[in-house]
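Welcome to the tour! Open your viewer, switch on a cartoon view, and keep the selection tool ready.

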Amino acid sequence: MNCCNANGQCDQGRDCPVRKQRIKETNDAYIKGFLMGQEDPLDDIADTFKVLLAMIAVIATLTLLAFILWGK
């Protein structure tokens, strides 16, 4: 049973099988796309912390170098 008009709009209600199939395909694609890009959040936290420590070390080194060169 086709409950969609020639333009592809399903106006026969919520129980239209064509409409249900389109919604299911859209939801499945959204969920699959969302999960494919996921990484382990704990790895992100560890990597972010490492970068933070590296940035602190670089800034501290530059600050000490500036004090040595221009400091009083």
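Which side-chain atom partner lies 2.9 Å from the backbone oxygen of R22? Select R22 and T26 to find out: a polar atom of the T26 side chain lies 2.9 Å from that backbone oxygen. A polar contact is a pair of N or O atoms within 3.5 Å; within protein, one must be able to donate a hydrogen and the other to accept it, and residues adjacent in sequence count only if both atoms are side-chain atoms.

Before moving on, note that this is a predicted model, where local features need pLDDT of at least 70, side-chain atom pairs count only at pLDDT 80 or more, and totals for chains, interfaces and linings use all residues. Residues are numbered from 1 along each chain as its sequence is written, and side-chain values use heavy atoms, leaving out hydrogens and water.

**Stop 1: the whole chain.** Zoom out and you will find two helices and zero strands. Both kinds of element are DSSP runs numbered from the N terminus (helices: H or I, at least four residues; strands: E, at least two). Of the 72 residues, 4% count as buried. Buried means under 20% relative accessible area, exposed over 50%, and partly exposed in between (1.4 Å probe, protein chains only).

**Stop 2: helix α1.** Select residues 17–36 to show helix α1. T26 is found here, and T26 counts as exposed because its relative accessibility is 52%. Now add K24 and D28, which form a salt bridge with their closest N and O atoms 2.8 Å apart. The rule asks for a side-chain nitrogen of Lys or Arg within 4 Å of a carboxyl oxygen of Asp or Glu, and the count comes to one salt bridge. Why are K24 and D28 separated by about one helical turn? Because they are four residues apart in the helix. K24 is partly exposed at 46%, and D28 is partly exposed at 37%.

**Stop 3: helix α2.** Select residues 41–70 for helix α2, and pick out L65 within it. L65 is partly exposed, with a relative accessible area of 45%. Add V58, L62, L69 and W70: together with L65 they make a nonpolar surface patch of about 590 Å².

Terms used: Patch = residues over 30% accessible without salt bridge, like charges linked within 9 Å, V, L, I, M, F, W, Y side chains within 5 Å. Areas by Shrake-Rupley, 256 points an atom, 1.4 Å probe, with all protein chains shown as cover.
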